[in-house]
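Thanks for making the time this morning. I would like to walk through one structure with you, going from the sheet to a few single residues and then to the chain as a whole.

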Amino acid sequence: MAAPLAPIVWTAARMGAVAAIAYYVKRRTSVQPKNIYRETAMNDTPDGVEVTAQRAEREANAHGSARLNRTFRLGPNGPGFEIDATALGRIRFRKID
């Protein structure tokens with residue numbers, strides 16, 4: 001008795017679509033050098049979450065930053081990896097005449 005081909009064909013089509021998209025994205029992107037000013041700003045961000053607000057006569061600002069820096073190790077002497085995630089944000093409201 002022959003195996004039904006529909007599930008196999010459907011799975012192959014999905015895998016082919018993912019591979020085609022990955023190939024397209026890889027070909028369209030180019031390697032850019034790191035922006036040293038952005039790297040410095042990210043490295044100078046303190047760990048944790050910080051939000052500041054400022055209010056002037058015609059303008060109100062809210063600045064926020066967050067940083068998570070963790071190291072994970074697989075076993076006591078096993079390989080490890082580090083996660084360093086940084087987010088910076090600003091929202092500004094101005095009164096326009």
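Let me begin with a question you can check on the screen: which residue in β2 does V51 stand opposite? It is G64 that stands opposite V51 in β2. Please keep in mind throughout that what we are looking at is a predicted model.

That pair belongs to the contact of β1 with β2, residues 59–73, where eight bridges join the two strands and the strands run antiparallel. One place before V51 on the screen you will find E50, whose bridge partner in β2 is S65. The connection from β1 to β2 is a hairpin, and it passes through three residues.

On the other pairing, β2 and β3 are matched in the antiparallel sense over 15 bridges, and one example from that set is A62, which has I91 as its bridge partner in β3. The hairpin of these two strands has six residues between them, and within this hairpin G75 takes a positive phi near 90 degrees.

Putting the pairings together, we have an open sheet of three strands in the order β1-β2-β3, with antiparallel pairing. Since β1 and β3 each have a single partner strand, they stand at the edges, and so one side of each is left without a neighbour in the sheet. Neighbouring strands of this sheet are turned against each other by 5 degrees on average, if direction is ignored. As a general reminder for reading the side chains, in a regular strand these alternate between the two faces of the sheet.

Now to single residues, starting with T45, which sits in the loop between α2 (36–44) and β1 (48–55). Is T45 buried or exposed? With a relative accessibility of 6%, T45 counts as buried, because the limit for that class is under 20%. A polar atom of the T45 side chain lies 2.9 Å from the backbone oxygen of A41, and, if we set aside neighbours within four places in sequence, T45 is in contact with S65, A66, R67, T86 and L88.

I96 gives us the opposite case, since this residue, found in the segment after β3 (80–94), is exposed at a relative accessible area of 71%. I96 and E59 are 37 residues apart in sequence, while their C-alpha atoms are 9.5 Å apart in space.

The structure also holds one aromatic pair. The ring centres of F72 and F81 are 5.5 Å apart and the ring planes are at 35 degrees, so the pair is classed as tilted. Both members have some accessibility: F72 is partly exposed with a relative accessible area of 39%, and F81 likewise counts as partly exposed at 43%.

Finally, the chain as a whole. Its secondary structure comes to two helices and three strands, following the pattern α-α-β-β-β along the sequence. A compact globule of 97 residues would have a radius of gyration near 13 Å, whereas this chain has 24 Å, and its C-alpha atoms fill a box of roughly 80 × 50 × 30 Å along the principal axes. Of the 97 residues, 6% count as buried. Among the contacts with a separation of 6 or more, 34% are accounted for by residues 24 or more positions apart.

Key: Residues are numbered from 1 along each chain as its sequence is written. This is a predicted model: local features need pLDDT of at least 70, side-chain atom pairs count only at pLDDT 80 or more; totals for chains, interfaces and linings use all residues. Side-chain values use heavy atoms; hydrogens and water are left out. Rings of Phe, Tyr and Trp (its six-membered ring) pair if their centres lie within 6.5 Å; planes under 30 degrees apart count as stacked, over 60 as edge-to-face and the rest as tilted. Buried means under 20% relative accessible area, exposed over 50%, partly exposed in between (1.4 Å probe, protein chains only). Helices (H or I, at least four residues) and strands (E, at least two) are DSSP runs, numbered from the N terminus. A polar contact is a pair of N or O atoms within 3.5 Å; within protein, one must be able to donate a hydrogen and the other to accept it, and residues adjacent in sequence count only if both atoms are side-chain atoms. Contact means heavy atoms within 4.5 Å. Two strands pair if DSSP finds at least two bridges between them. Axes are lines fitted to C-alpha atoms, for helices over the stretch in contact, and angles run from 0 to 180 degrees between N-to-C directions. The radius of gyration is taken over C-alpha atoms; the globule rule is 2.2 Å times the number of residues to the power 0.38.
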